[in-house]
Structures are given as structure tokens and as C-alpha cells.
Amino acid sequence: MKLDVLVGGEPVDALAMICHREQSYERGRELVSRLRKLIPRQMFEVPIQAAIGSRVIARETVAAMRKTFWPNATAATFRVSASCSKNKKKENAA
């Protein structure tokens, strides 16, 4: 049987393999779990699926990064730069 791997819903031909029907579930589960550990986290979830034909036999999801880190860093940087520019304007006016 042909075992296909779908990353983000798109088939990846380089990861497809031919294996015996009895081993397909174990091979698919192992391959998907290894890929989950290798693929870096993104700003959105990435599903990884092993399928035989149209039937999905194994599925893992690469978790998304938390989005709360970025706004806090940007806000802190903005506050510092805004306060510095106000101080410079006061010094130049005096």
C-alpha cells in the first residue's frame, strides 16, 4: 500500500512510501510523530497526517506559538522611544 504524508493539507511526495498493509498504521504513526518533533513551530497550527488513499490513519499537530509575546515587546519598545522623543523636544525648546 502507498502511504502518503500530508503537511498542512498538501501531499509531500518525498515522504511517501510503500509498505505492507499490516505495517502501514505503525509506520504512519512513527513518521508523523518524528515529523512533529522536527518541524519548527509557526504562528499557526500545522497539521501533519499520514494517509492511505483518502483515509487518514495518523495525525499530529505542530502547536502554534503564543501570540502574546510580540505585542508586549513592541509596546515596551514604543513606550521607551516615545518618551525619549518627548524629552528631546523639551530640551530643544528650552
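Buried means under 20% relative accessible area, exposed means over 50%, and partly exposed lies in between (1.4 Å probe, protein chains only). Keep that scale at hand for the exercises below.

The model is predicted, so local features need pLDDT of at least 70 and side-chain atom pairs count only at pLDDT 80 or more, while totals for chains, interfaces and linings use all residues. Residues are numbered from 1 along each chain as its sequence is written, and side-chain values use heavy atoms, with hydrogens and water left out.

**Exercise 1. The fold**

Task: Find which helices and strands the chain has, and in what pattern they follow.

Solution.
- Step 1: Helices (H or I, at least four residues) and strands (E, at least two) are DSSP runs, numbered from the N terminus.
- Step 2: Counting such runs gives two helices and four strands.
- Step 3: Along the sequence they follow the pattern β-β-α-β-β-α.

**Exercise 2. The sheet**

Task: Work out the order of the strands in the sheet, and say which strands stand at the edges.

Solution.
- Step 1: Two strands pair if DSSP finds at least two bridges between them.
- Step 2: The four strands form an open sheet in the order β2-β1-β3-β4, with antiparallel pairing.
- Step 3: β2 (10-18) and β4 each have a single partner strand, so these two are the edges, and one side of each is left without a neighbour in the sheet.
- Step 4: From one strand to the next, the twist averages 20°.
- Step 5: Now look at β1 and β3, which pair over four bridges in the antiparallel sense. Here Val 7 stands opposite Ile 48 in β3.

**Exercise 3. The core**

Task: Locate the largest nonpolar core and the elements that build it.

Solution.
- Step 1: A nonpolar core is a set of buried Ala, Val, Leu, Ile, Met, Phe, Trp, Tyr and Cys residues joined through side-chain atoms within 4.5 Å.
- Step 2: The largest such core has 13 residues, and Leu 3, Val 32 and Ala 50 are among those with the most contacts inside it.
- Step 3: β1 (2-7), α1, β3 (46-52) and β4 each supply at least two of its residues. β3 gives the most, with four residues.
- Step 4: Take Ala 50 as a case, where contact means heavy atoms within 4.5 Å. Leaving aside residues up to four places away in sequence, Ala 50 touches residues including Leu 3, Gly 28, Val 32 and Ile 57.
- Step 5: A general habit fits here: in soluble globular proteins, nonpolar side chains tend to be buried together.

**Exercise 4. Salt bridges**

Task: Find how many salt bridges the model has, and describe where the partners lie.

Solution.
- Step 1: A salt bridge is a side-chain nitrogen of Lys or Arg within 4 Å of a carboxyl oxygen of Asp or Glu. By this rule there are four.
- Step 2: Lys 2 pairs with Asp 4, the closest N and O atoms being 3.5 Å apart. Lys 2 is partly exposed, because its relative accessibility is 48%.
- Step 3: Arg 34 and Glu 30 meet at 2.9 Å, N to O. Both lie in helix α1 (residues 24-38), four residues apart, about one turn of the helix. Arg 34 counts as exposed because its relative accessible area is 52%, whereas Glu 30, at 40%, is partly exposed.
- Step 4: Glu 60 and Arg 36 meet at 3.6 Å, N to O. This pair links distant parts of the chain, with Glu 60 in strand β4 (residues 55-62) and Arg 36 in helix α1, 24 residues apart.
- Step 5: Through shared partners, salt bridges join Arg 29, Arg 36 and Glu 60 into one network.

Methods. Axes are lines fitted to C-alpha atoms, for helices over the stretch in contact, and angles run from 0 to 180 degrees between N-to-C directions.
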